[in-house]
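Visitor: I should like to examine one part of this structure closely. Please show it to me first, and then I shall put my request.

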Amino acid sequence: MAALRFVDAVRQALADEMEADESVILMGEEVGPLGGVFTVTRDLIERFGPDRVMDAPLAEASFTGFALGAATEGMRPVVEIMFSDFVMIAMDQIVNHAAKLRYMTNEQFDVPIVVRLPGGGGSNHGPQHSQSFESWFAHTPGLIVAMPSNPSDGYWMMRHAIQLNDPVIFLENKAMYFGAEQEVADEPPADPWAAAVPREGSDLTIVSAGRMVGRCLSAAESISTRGIDCEVIDLRYLWPMDVDTVFTSVAKTSRLLVVSEAVEFCGWSGEVASRVAKDAFTSLDAPIFRVGALRCPIPVGVALEDEIIPTVERIEQAVVDCMDF
Amino acid sequence: MRWAQDLRRHSVGDLATVEEQLFALMLLIRSVEAAIERTHRAAKITGSFHSSLGQESCAAGVSLALRDDDIVTSNHRGHGHAVGKGVSAEAVIAEMFRRTNGSSGGRGGSMHIHNRSVGFYGETAIVGGGLGWASGAAWTRKRHGSDAIAVAYAGDGAFANGIFAEAIRVADFWEAPCLFVCENNGWAHSMPSDGVFGPAGSITNVVSAMNVRSEFVDGRDAVKVYETGCELVEYVRTGKPAFIEVAVHRVKAHSVNDADYRYRPKNEGAEWLREYDPINSLRASIRVEQQHAIESAVSAVVDEALEAASNGALPETSDALRGIYATRGLGWDGRAEIR
């Protein structure tokens, strides 16, 4: 298609869906003339007008509820929560309402809404602007949890999310926005839910999602010089989770490391570990290793942040420890 | 309206005046609540329910001001709102009985009455949770060229919650045709409202100060509720939100399991009803024969509903996991094709 940065790929997906379907609207703080604090919606108000690119008052709970209401009437709202941390204010509308409405009304209402969450660390915004909540959402019945790791997925997963008739939590690691350009695939993946295998290897499987996929690939590359050949799996969706691809890989490598930017304790990486421990136990030659954020608020500043969020070095160390077992 | 058709099946004749319509609807709501309470006592219902008995003037006055194509969201005390909008007594009671002929197929219960086909989008059990839903839905209707409106009912308790100010602010900002109804029944569970907000009418002052059209009505006068409701509904149809606070009285405890004698005088509710019952107040303006005709029709409708609810099928247990996702192929555990 074209080589795009992550930020441009997500913007392009929004624009293409808005072009294709009049019911797609954007709502959120500063999404209008400013174009979003990370410029994801830049120029879209000029193109689609303020009736479809709606700057919202600073009222996350209310505009998320409003979007839910519009969704039940056939709109396809894409809600931007400026920093994912602010989604806490809208959690009731997402968890108690959007996620449950279809089930508890006996399928009378669908809620085709996408909640975009620019989150995670790497941009030095401090403890209330850097969190990774993906495990919370993966834990909630009724939600789909998308976590792209690259521009091509940023584009195709966003288009897919907007077309779905269920609420989608779309996690955008803000540190990826202005990274390297990548060619966006001409076609969406044949199976939109399948995990990707961006690096094949035979010695150890690393499973990750979002921004951490890049760090896992770097770690795999670096450690390959020491003769360790890692396979890297990008889950893409934390729910539904494509564990089959993980099983296939572990059957080959017999070792597993799961890496998350989310806090490791009670995090989604534990789910992957548990599924493999139960259903692929006989494939394993070593304990399953996990690397996630330490259970600590995310401090501002690279030096301190690197103590908390997994670094390439910590991932490499975990690979070595798992191989040495 | 659906409820009037149900009464007509029992030869009540035309409800010629507003007083007769209000009387009939309020009586129907009260009888449904009483039937639910009776069957709960007889242990035919488990779980909780929140009775709106005594508060019927709000639901009835507002409902009569609405059209079939208008939308309503409601709260945990919403059986009256549901019946007023046209959810059948059978569908409400059957939902209490967890039957498949309940309005949510027996999977929602007392706090999750939903019937999209009559515009009763429904209750939510989270205080203040339905305000955004109503305004977003109404805004979409307007965008599609309709002059249908939404009504969002909430109790006074919800107006201590931030979502109330937010929802009204956003509805005003985006010009959503939504009527916010504060049903001030004097109590937020065990917390007296006047202690939180000041005397009834104080919440109206707050909303008024937000530059949103607001009215306060004493709910002991159902006709007044209806008339003010009509004025505001007409205003909201022009494409703006409005607010109405209706002072009613919570005759029953917060919920069926609530020991309200611990925080208010025993029989306080019953005594209020003896003195101020808004249904009885209407009797003076309705012929006695017509009162009796309405009473017997209401009683027949509720008896029928109770029977139909009791005879409704229970959901299949294998149905418990159905319908979490609309997306084809997404079952409860991910990708299993259980739809």
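Visitor: On β8(B), which residues lie on one side and which on the other, and are they buried or exposed?

Guide: A preliminary remark is in order: this is a predicted model. On one side of β8(B) lie A242(B), I244(B) and V246(B), on the other F243(B), E245(B) and A247(B), and all of these residues are buried, with both faces of the strand covered. The strand comprises residues 242-247 of chain B, and six of its six residues are buried. For the residues named here, buried stands for 20 or more other C-beta atoms within 10 Å of a residue's own.

The surroundings of the strand may be considered next, beginning with its partners in the sheet. Strand β4 of chain B, residues 178-184, pairs with β8(B) in the parallel sense over six bridges. Within this pairing, L179(B) stands opposite A242(B). Strand β7 of chain B, residues 213-218, likewise pairs with β8(B) in the parallel sense, and six bridges are found there. A242(B) appears in this pairing too, with R213(B) standing opposite. A242(B) of β8(B) thus faces L179(B) in one pairing and R213(B) in another.

The wider sheet places these pairings in order. It is an open sheet of six strands, arranged as β2-β1-β3-β4-β8-β7 in chain B, with parallel pairing. The edges are occupied by β2 and β7 of chain B; each has a single partner strand, so one side of each is left without a neighbour in the sheet. Direction ignored, neighbouring strands of the sheet are turned by 15° against each other on average. Elsewhere in the sheet, β1 (residues 71-74) and β3 (residues 150-155) of chain B run parallel and are joined by three bridges. One pair of bridge partners there is T73(B) with A152(B), the latter lying in β3(B).

Chain B also contains a helix pair that merits description. Helix α3 of chain B, residues 56-64, packs with helix α10 of chain B, residues 222-236, at an angle of about 40°, and their axes are 8 Å apart. Their crossing is right-handed. From α3(B), the residues S57(B), C58(B), A60(B), G61(B), V62(B) and L64(B) meet A222(B), V225(B), Y226(B) and G229(B) of α10(B). Sorted by class, this contact has seven nonpolar, three polar and no charged residues.

The edge strand β2(B) leads from the sheet to the contact between the chains, in which 37 residues come from chain B and 37 residues from chain A. On the side of chain B that touches chain A, the elements giving two or more residues are β2 (120-123), α6 (131-143) and α7 (162-173) of chain B. The greatest share is that of α6(B), with 10 residues. The classes on this side of chain B are 16 nonpolar, 15 polar and six charged residues.

Finally, the partner chain may be described by its domains. Chain A is divided into domain 1, spanning 3-183, and domain 2, spanning 196-324. Taken over C-alpha atoms, the centres of these domains of chain A are separated by 26 Å. Their contact takes 25 residues from domain 1 of chain A and 24 residues from domain 2 of chain A. On the side of domain 1 that touches domain 2, the elements of chain A giving two or more residues are α6 (134-138), β6 (144-146), α7 (151-163) and β7 (168-173). That side of domain 1 of chain A has 12 nonpolar, 11 polar and two charged residues.

Methods:
Residues numbered from 1 in each chain as written. Chains lettered and ligands numbered in written order. Predicted model: local features only at pLDDT ≥ 70, side-chain atom pairs only at ≥ 80, totals over all residues. Contact = placed C-beta atoms within 7 Å. Helix = DSSP H or I, 4+ residues; strand = E, 2+ residues; numbered from the N terminus. Nonpolar A, V, L, I, M, F, W, Y, C, P; charged D, E, K, R; others polar. Axes fitted to C-alpha atoms, helices over the stretch in contact; angles between N-to-C directions. Left-handed = near helix turned anticlockwise from the far one by under 90°. Domains from an automatic or database assignment. Buried ≥ 20, exposed ≤ 12 C-beta atoms within 10 Å, placed from the backbone. Pairing = 2+ DSSP bridges.
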